[in-house]
Amino acid sequence: MCSSALSLLVICLLPLLPLGCGFQLRGVVEIPEALNPIYIQAGASPVREALLDQLTGGAVQLAPTPAEAKLIVRILSERQASRVVAVDTTGRVLAYELLYYVTYDAIAPDGAELVPAQTLELMRNFDNPDVEVLGKQLEEAMIYQDFARDAADRILMRLRVTLIDTSPSQP
């Protein structure tokens, strides 16, 4: 009886363990209050959508227009590419390297540059057997979606580091 009660107590307290060590779930974005709200400027962009998904519901407020923002994050370009990395003796492609490039910057509403233009390059190998061609096409599309989410993560991490280090101190 005593050991089952102790086991139950341990099971109940186990989920609370990470809270005591300062653990935070990914996706918590810290932008200095002086630069809140922000506006994400891009066309129809997978990275823009991933940024909005990560910022929605957090402490960072999103401005509906650039005029209402204190920080404008601009996705300047996105590009997908692939290159052959392995072929067999007959010349059939066995593997590709998928590439995703995103260039972004951050400016103040008056146009002052807060974060200079930077380019992220993401890369992943992709095997190409001749079986399940439709499945491979879907897998490639999913990899590019993962690239967009990963690029959004990296952009927010770089913004956080750069802006917190350069933001004016709060009174």
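**Close-up views of a predicted protein model**

The protein exposes about 11000 Å², and carbon and sulfur atoms supply 58% of that area. Keep in mind as you look around that this is a predicted model.

**Figure 1. The whole chain is built from three helices and four strands.** Start at the N terminus and follow the elements along the protein: they run α-β-α-β-β-β-α. Of the 171 residues in the protein, 31% are buried. Now consider contacts between residues at least 6 apart in sequence: 66% of them join residues at least 24 apart.

**Figure 2. Helix H2 covers residues 46-55 and has a set of buried residues.** Which residues of H2 are buried? They are Val47, Ala50, Leu51, Leu52 and Leu55. At the N-terminal end of H2, look for Ser45, which acts as a cap. A side-chain oxygen of Ser45 lies 3.2 Å from the backbone nitrogen of Val47. Val47 therefore appears twice in this view, as a buried residue of H2 and as the partner of the Ser45 cap. Just after the helix comes Gly57, with a positive phi of about 85°.

**Figure 3. Glu49 and Arg48 form a salt bridge.** The closest N and O atoms of this pair are 3.5 Å apart. Is Glu49 buried or partly exposed? Glu49 is partly exposed, because its relative accessible area is 42%, and partly exposed residues fall between 20% and 50%.

**Figure 4. Asp105 sits in strand E3, which spans residues 93-107.** Why does Asp105 count as buried? Its relative accessibility is 4%, and buried means under 20%. The side chain of Asp105 makes a polar contact with the side chain of Arg74, at 2.5 Å. Leaving aside residues up to four places away in sequence, Asp105 touches Ile72, Val73, Arg74 and Leu76, and also Val115, Pro116 and Ala117. Arg74 is thus worth finding here, as it is both a residue that Asp105 touches and its side-chain polar partner.

**Figure 5. A salt bridge joins Glu97 and Arg83.** The closest N and O atoms of the two residues are 2.5 Å apart. This pair links distant parts of the chain, with Glu97 in strand E3 and Arg83 in strand E2 (residues 71-87), 14 residues apart. How do the two partners compare in accessibility? Glu97 is buried, with a relative accessible area of 13%, whereas Arg83 counts as partly exposed at 40%.

**Figure 6. In helix H3 (residues 133-166), look for Asp150 and Arg154.** Their side chains meet in a salt bridge, at 3.3 Å from N to O. How many residues apart are Asp150 and Arg154? They are four residues apart, about one turn of the helix. Asp150 counts as partly exposed at 27% relative accessibility, and Arg154 counts as partly exposed at 34%. Salt bridges that share partners also join Arg124, Asp146 and Arg149 into one network. The count of salt bridges comes to seven.

Definitions and conventions
Residues are numbered from 1 along each chain as its sequence is written. This is a predicted model: local features need pLDDT of at least 70, side-chain atom pairs count only at pLDDT 80 or more; totals for chains, interfaces and linings use all residues. Side-chain values use heavy atoms; hydrogens and water are left out. Buried means under 20% relative accessible area, exposed over 50%, partly exposed in between (1.4 Å probe, protein chains only). Helices (H or I, at least four residues) and strands (E, at least two) are DSSP runs, numbered from the N terminus. A polar contact is a pair of N or O atoms within 3.5 Å; within protein, one must be able to donate a hydrogen and the other to accept it, and residues adjacent in sequence count only if both atoms are side-chain atoms. Contact means heavy atoms within 4.5 Å. Accessible areas come from the Shrake-Rupley method with a 1.4 Å probe; for residues, only the protein chains shown count as cover. A salt bridge is a side-chain nitrogen of Lys or Arg within 4 Å of a carboxyl oxygen of Asp or Glu.
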